[in-house]
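User: I would like to go through the reasoning behind a few labels used for this model, step by step.

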Amino acid sequence: MQEFDEFRRTGQVNLDPTARWWPEWLGTVREAVGRGVVMRRARIVSQPVTDYIRWEHASTPLNIGAGELVRWLPRRLAFDLALPGTDFWLFDERLVQFHNWTGAGDWHPEEPKVWSDDPAAIKLCADAFEQVWQRATPHKRFSV
């Protein structure tokens, strides 16, 4: 990922919302939020954080500027939560996408994204997300 590589070289984050893939994602967020959708993103992170998480934290103002709500939870504070074994996106509490990332923030090339509308999987993810959201710190107050 070009932006992450630049951050690793310079320590600077490009917060231009028109750069690379940002316009498509930020446009999607703005459109959804404009329709009344609440987009919440919770990030569980190990500490000390990796360079990728530092970049992700530094670029989060773009997500927030488009209308996402973002919170962070140190992994040590999630030890007693029943969490799915992988990352997921939950859509309207009716569909979940499970996926894995590489350490550099790319989709894992050998592990497919898995979609599920199974009520048990959706309940697991919805319950886990709500517990994480309640414990997590809003982006503005979380430092890396």
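Analyst: Contact here means heavy atoms within 4.5 Å. The model is predicted, and under that criterion Glu3 touches Arg20, Trp21 and Trp55, with residues up to four places away in sequence not counted.

User: Why is Glu3 called buried or exposed, and in which helix is Glu3 found?

Analyst: Glu3 is found in helix α1, which covers residues 2-10. Its relative accessibility is 8%, and because buried means under 20% relative accessible area, Glu3 counts as buried.

User: What makes the arrangement of α1 and α3 parallel or perpendicular?

Analyst: Helix α1 and helix α3 (residues 51-66) pack at an angle of about 105°, with their axes 10 Å apart. Since angles of 65 to 115 degrees count as roughly perpendicular, α1 and α3 are therefore roughly perpendicular to each other. On the α1 side the contact is made by Glu3, Phe4, Phe7 and Arg8, and on the α3 side by Asp51, Tyr52, Arg54 and Trp55.

User: How do the residues of this contact of α1 with α3 divide into nonpolar, polar and charged?

Analyst: The residues of the contact of α1 with α3 comprise four nonpolar, no polar and four charged. Phe, Trp and Tyr count as nonpolar, whereas Asp, Glu and Arg count as charged.

User: How do you know whether Gln134 is buried or exposed?

Analyst: Gln134, placed in helix α4 (residues 119-135), has a relative accessibility of 60%, and because exposed means over 50%, Gln134 counts as exposed. The C-alpha atoms of Gln134 and Asp16 are separated by 31 Å, and these residues are 118 residues apart along the chain.

Conventions: Residues are numbered from 1 along each chain as its sequence is written. This is a predicted model: local features need pLDDT of at least 70, side-chain atom pairs count only at pLDDT 80 or more; totals for chains, interfaces and linings use all residues. Side-chain values use heavy atoms; hydrogens and water are left out. Helices (H or I, at least four residues) and strands (E, at least two) are DSSP runs, numbered from the N terminus. Buried means under 20% relative accessible area, exposed over 50%, partly exposed in between (1.4 Å probe, protein chains only). Axes are lines fitted to C-alpha atoms, for helices over the stretch in contact, and angles run from 0 to 180 degrees between N-to-C directions. Angles under 35 degrees count as roughly parallel, over 145 as roughly antiparallel, 65 to 115 as roughly perpendicular and the rest as oblique.
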